[in-house]
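Good morning, colleagues. I would ask you to keep the sequence and the structure in view while I speak.

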Amino acid sequence: MIKNLCSLRFVFIVPIVLSHLPCLSGNPYVLSASNAAVGFFFMLSGFVLAHAYGSSVEDGTFSLSRFMLRQLRKLYPLYLLCMLVFVVINFKYIDTAEAGRILLACCMVQSWIPDIDYYFAGNSVSWFLSTLFSIYLTFPLLQRFISRLTFRRLALFSLLLAAVYLGAAFFVPPGRANDIVYIHPLSRLADFTLGLCLYRFYAETKQNRQLRHPLRCAVAVVLAYACVVALSVHADIRLQAAALYWLPNALAIGCFAAIDTDRNALCRQLQRPVLMFLGRNTFAIFLTHCLIINILVRLAMRWGLA
């Protein structure tokens with residue numbers, strides 16, 4: 001396990017939570033930071049899966065069915081519980097059509113339907129797991145392909161993937177950017193695949209890298225995000241959906257993986273037990289935070305506090 005990346009999971013869940021607070025949900029900079037964080041998680045998934053299972057895929061011992069069942073056992077009970085809580089607290093507002101959409105969401109297929117009423121049905125953030133689990137199915141095939149590329153062909157493939165993605169994204173009408181570019185599994189497959197490529201670059205250069213100044217690396221990552229978030233309000237909405245954040249996300253994952261050691265103060269802070277614990281429970285925070293915010297807002301309104 002790369003401990004720094006585990007802690008970063010919690011760091012990156014914070015802007016997502018903040019973007020769903022009523023007082024911040026309309027702030028374009030908070031929304032941009034949230035979009036960057038979502039892209040970070042898709043790219044990180046590819047990087048971490050390649051790190052954890054890449055060798056077993058290449059030697060033929062990886063079982064996709066066992067992996068998917070393990071992920072479902074870990075995440076689906078809470079996923080379903082959150083859907084149930086949503087139904088309970090919104091029961092009087094749910095008609096037959098909405099009930100059907102929630103049922104689809106319980107089957108984790110909602111992100112394939114490019115309609116906001118479907119992919120945000122029930123516990124709205126659940127679309128992320130629908131997309132992620134769909135992408136997981138491609139992992140063995142993509143990993144085998146990427147592992148066989150030479151370093152030069154890997155670089156060319158990464159550039160070609162980015163070019164094809166951008167070309168396809170700009171065929172999408174701006175009004176459908178959220179439906180197709182931000183949510184749909186086929187679009188988010190690009191982030192995940194770039195994460196696989198990033199791990200291959202990381203593994204290939206592992207013996208030669210010398211990042212002697214972890215704090216400078218962290219400052220560079222923060223500045224990269226600050227620049228991109230500041231510029232994002234002027235960017236095309238189809239870029240804001242994902243591609244705008246590829247470089248800072250790759251920089252964050254690559255740099256913090258490269259400095260993963262207990263020999264410097266920055267990493268010792270990141271590897272504190274409380275941050276590691278929160279990082280391991282990021283999915284629980286992600287799945288529950290909108291419901292908790294919704295309940296707190298209703299209580300505040302009932303008590304005359306909002």
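The structure, which is a predicted model, holds 5 salt bridges. I shall discuss some of them in turn.

Let me start with R101 and E98. These two side chains form a salt bridge in which the closest N and O atoms are 3.0 Å apart. Why are they about one helical turn from each other? R101 and E98 are 3 residues apart in helix α4, which covers residues 96–106, so about one turn separates them. As for solvent, R101 counts as buried because its relative accessibility is 16%, below the cut-off of 20%. E98 is likewise buried, with a relative accessible area of 16%.

The second pair is E204 with R200. Here the closest N and O atoms of the salt bridge are 2.9 Å apart. Both residues lie in helix α10, with a spacing of 4 residues, or about one turn of the helix. Are the two partners buried or exposed to some degree? E204 counts as partly exposed, because its relative accessibility is 40%. R200, by contrast, has a relative accessible area of 14% and is therefore buried.

The third pair is R238 and D236, whose side chains meet in a salt bridge at 2.8 Å, N to O. R238 is buried, at a relative accessible area of 11%, whereas D236 counts as partly exposed at 26% relative accessibility. For this pair, as for the previous one, the arginine is buried and the acidic partner is partly exposed.

I turn now to the surface. Which residues gather in a patch of positive charge there? They are R66, R70, R73 and K74. Of these, let me single out R70, which has its place in helix α3, residues 64–89. With a relative accessibility of 35%, R70 counts as partly exposed, because that value falls between the 20% and 50% cut-offs.

There is also a nonpolar patch on the surface, formed by L104, V109, W112 and L186. Together, these four residues have about 340 Å² of accessible area. One of them, L186, is placed in helix α10, which runs over residues 185–204. E204 and R200, the second salt-bridge pair, also lie in helix α10. L186 counts as exposed because its relative accessibility is 57%, and the cut-off for that class is over 50%.

From the surface, let us move to a residue in the interior. F40 lies in helix α2, residues 28–58. Its relative accessible area is 0%, so F40 is buried. In sequence, F40 and T205 are 165 residues apart, and in space their C-alpha atoms are 21 Å apart.

Finally, I come to the chain as a whole. How many helices and strands does the protein chain have? The protein chain has 16 helices and 0 strands. Its radius of gyration is 20 Å, close to the 19 Å that the globule rule gives for 306 residues, and the chain is therefore as compact as a globular protein of that length. Along the principal axes, the C-alpha trace spans about 60 × 40 × 40 Å. Of the 306 residues, 47% are buried, and F40, R101, E98, R200 and R238 are among the residues with that status.

How values were computed
Residues are numbered from 1 along each chain as its sequence is written. This is a predicted model: local features need pLDDT of at least 70, side-chain atom pairs count only at pLDDT 80 or more; totals for chains, interfaces and linings use all residues. Side-chain values use heavy atoms; hydrogens and water are left out. Patches are made of residues with over 30% relative accessible area and no salt bridge: like charges are joined within 9 Å, nonpolar side chains (Val, Leu, Ile, Met, Phe, Trp, Tyr) within 5 Å. Accessible areas come from the Shrake-Rupley method with a 1.4 Å probe; for residues, only the protein chains shown count as cover. Lys and Arg count as positive and Asp and Glu as negative; His and the chain ends are not counted. The place of a charge is taken as NZ of Lys, CZ of Arg, CG of Asp or CD of Glu. Helices (H or I, at least four residues) and strands (E, at least two) are DSSP runs, numbered from the N terminus. Buried means under 20% relative accessible area, exposed over 50%, partly exposed in between (1.4 Å probe, protein chains only). The radius of gyration is taken over C-alpha atoms; the globule rule is 2.2 Å times the number of residues to the power 0.38.
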